Amino acid sequence: MAETSAPEVVHAEPNETGLYEIESLCMNCRDNGVTRILPIKIPFFREILLESFSCDHCGWKNNTVKSAGQIQEKGTKYTFKLDKEADFQRQVVRSDNGVFRLEDIDLEMPPAPGQFTNIEGLISKIKTDLEYDQPARKEASPDLYHALEAILEKIRNMLEGKAFPFTVSLDDISGNSFIEPSPEDKGSKYIRHDYLRTNAQNAQLGLLADEDVEDSAGGGMEGVDIVDDQVYELHAECPACSKPCTVNMKKTNIPHFKEVIIMATVCDHCGYRTSDVKTGGAIPEKGKRITLEIRTVEDMSRDILKSESCVLKSHDLGLEVQPGTLGGRFTTVEGLLTQVRDQLHGQIFDVEDEGLAPGDSMSSETKSRWDAFFSKLDKAIKAEFPYSITLEDPLANSFVQKNVDSGEDPQIKSEEYERTEEEMEDLGLNDMKTEGYEEDSSA
């Protein structure tokens with residue numbers, strides 16, 4: 001919240017614009033000021049509280065943004081590649097746990113009071129903060145001054161559109177930060193990655209007492225001979241609330257493919273549920289691309305395995321799901337597309353919801369594009385027209401069930417491909433040494 005203490009409500013009910021006013025203590029002059037709070041909804045995201053504090057006595061002002069909801073079950077990292085001027089206008093919600101980075105110059109804005117702005121605003125703030133003490137540095141520390149001037153020149157080039165393309169990221173362990181998506185985002189331009197928090201991160205958010213912080217060091221299955229199709233229960237800590245929960249694990253064999261481990265987590269305390277699929281084995285020399293032609297509703301019942309490293313694409317549907325968004329899934333074609341739809345749809349909201357001001361709602365043009373996208377996806381889930389989906393997996397750990405007893409399925413096209421440098425880097429394969437490591441360890 002803005003700089004406040006022991007607030008006293010001035011207007012218990014919001015005015016016609018949904019604005020609340022709270023009498024608050026000014027941290028500058030210790031006199032009374034006013035904090036104005038406006039709840040709004042952000043397209044593709046969730047509710048936030050815009051807070052503005054002002055003091056008529058000393059002129060002190062402060063603006064912040066807070067999440068109106070709870071801490072999310074997982075942390076979230078957004079990676080966004082800017083390649084045109086319009087990308088600067090993407091909306092950004094940065095909570096007070098969010099870390100914004102300019103990846104190309106390895107520069108980050110550490111956690112600070114939350115902001116509701118756009119990418120241009122965040123980059124401009126970094127530039128302003130660095131420029132503030134430059135005159136003093138020029139006299140006191142010329143070397144530091146010149147080093148920062150080189151960085152500032154790169155940031156100025158970014159803001160002037162002279163450094164395209166470049167990449168920014170926003171990482172938030174609370175899951176309450178956000179970069180606005182677009183239906184036109186393709187490839188690695190926009191990536192959202194949800195991840196499980198560590199115990200230390202849960203303690204940082206106040207979900208776990210500091211004295212209880214002990215990151216699990218694996219274990220629990222040492223010396224156990226895992227039998228196919230037998231369910232094993234593992235005692236673990238819930239990644240959402242850090243209380244004890246149960247992870248059910250089962251190893252199963254997918255015919256004509258390989259063995260996989262299916263894991264399901266259930267927390268009786270907070271209701272957190274998730275399922276995941278882990279694949280193993282040696283890393284193949286090439287990736288694999290599998291394309292399935294959907295022709296009838298029976299095709300929606302085919303088993304499908306999308307590994308953690310797999311990209312799900314469909315040119316016919318205008319759909320692309322990057323690794324880390326859904327994690328590993330072993331389900332049916334219908335189940336997978338339904339999960340994709342539900343997750344995307346969960347980020348879109350009805351701006352006419354009661355109790356919250358519409359705020360910065362999406363434009364009618366953007367809304368019509370999303371409506372058309374979801375309408376087409378709903379029809380695809382019902383197999384109302386023919387289309388294709390592609391699983392592109394650099395680790396070749398994904399699979400689509402055949403619909404024939406023997407031979408090749410005419411509706412499935414499978415091909416190997418050379419991994420890109422970006423995929424090699426993301427998977428850590430460039431740093432992996434498989435030969436001669438014995439000499440290095442004995443040196």
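The legends below describe close-up views of a predicted model. Local features are reported at pLDDT of at least 70 and side-chain atom pairs only at pLDDT 80 or more, whereas totals for chains, interfaces and linings use all residues. Residues are numbered from 1 along each chain as its sequence is written, and side-chain values use heavy atoms, with hydrogens and water left out.

**View 1. Overall composition of the protein.**
The protein has eight helices and 25 strands; helices (H or I, at least four residues) and strands (E, at least two) are DSSP runs numbered from the N terminus. Of its 443 residues, 42% count as buried, where buried means under 20% relative accessible area, exposed means over 50% and partly exposed lies in between (1.4 Å probe, protein chains only). Among contacts between residues at least 6 apart in sequence, 62% join residues at least 24 apart; a contact means heavy atoms within 4.5 Å.

**View 2. An open sheet of three strands with order 10-7-12 and antiparallel pairing.**
Strand 10 (115–118) and strand 12 (178–179) are the edge strands, each pairing on one side only. Strands count as paired if DSSP finds at least two bridges between them. Strand 7 (residues 91–94) is joined to strand 10 by four bridges in the antiparallel sense, and Gln91 has Asn118 of strand 10 as its bridge partner. Helix 1 (residues 119–132) packs on this sheet and touches strand 7, strand 10 and strand 12. The direction of helix 1 makes about 105° with that of strand 10; axes are lines fitted to C-alpha atoms, for helices over the stretch in contact, and angles run from 0 to 180 degrees between N-to-C directions.

**View 3. Helix 1 and its buried residues.**
Helix 1 comprises 14 residues and reaches 20 Å from its first C-alpha to its last, close to the 20 Å expected at 1.5 Å a residue; the expected span is 1.5 Å times one less than the number of residues. Ile119, Leu122, Ile123, Ile126, Lys127 and Leu130 of this helix are buried. Seen down the helix 1 axis, the buried residues fall within an arc of 140° and therefore line one face of the helix; the arc is that of the directions from the helix axis to the C-beta atoms. At the start of helix 1, a side-chain oxygen of Asn118 comes within 3.3 Å of the backbone nitrogen of Glu120.

**View 4. Antiparallel pairing of strands 15, 16 and 17, with Cys267.**
Eight bridges pair strand 15 (residues 244–253) with strand 16 (residues 259–266) in the antiparallel sense, and Asn248 stands opposite Ala264 of strand 16. Strand 16 also pairs in the antiparallel sense with strand 17 (residues 273–279), over seven bridges; here Val266 has Arg273 as its bridge partner. Strands 16 and 17 form a hairpin with six residues between them, and Gly271 in the turn has a positive phi of about 85°. Cys267 lies in the loop between strand 16 and strand 17 and counts as buried because its relative accessibility is 3%. Leaving aside neighbours within four places in sequence, Cys267 is in contact with Cys238, Cys241, Cys245 and Tyr272. The C-alpha atoms of Cys267 and Ala236 are 9.7 Å apart, with 31 residues separating the two in sequence.

**View 5. Surroundings of Ser54 in strand 4 (residues 47–54).**
Ser54 counts as buried at 18% relative accessibility. Its side chain joins that of Arg36 through a polar contact of 3.2 Å. A polar contact is a pair of N or O atoms within 3.5 Å; within protein, one must be able to donate a hydrogen and the other to accept it, and residues adjacent in sequence count only if both atoms are side-chain atoms. Not counting residues up to four places away in sequence, Ser54 touches Gly33, Val34, Arg36, Trp60 and Lys61.

**View 6. Surroundings of Arg329 in strand 22 (residues 329–332).**
Arg329 is buried, with a relative accessible area of 16%. The side chains of Arg329 and Gln339 make a polar contact (3.2 Å). Beyond neighbours within four places in sequence, the residues in contact with Arg329 include Ser275, Asp276, Val277, Ile304 and Leu336.

**View 7. Surroundings of Lys81 in strand 6 (residues 75–82).**
Lys81 is partly exposed, with a relative accessible area of 28%. Apart from neighbours within four places in sequence, Lys81 is in contact with Asp87, Pro165, Phe166, Thr167, Ser188 and Lys189. Lys81 and Glu103 are 22 residues apart in sequence and 9.7 Å apart in space, C-alpha to C-alpha.
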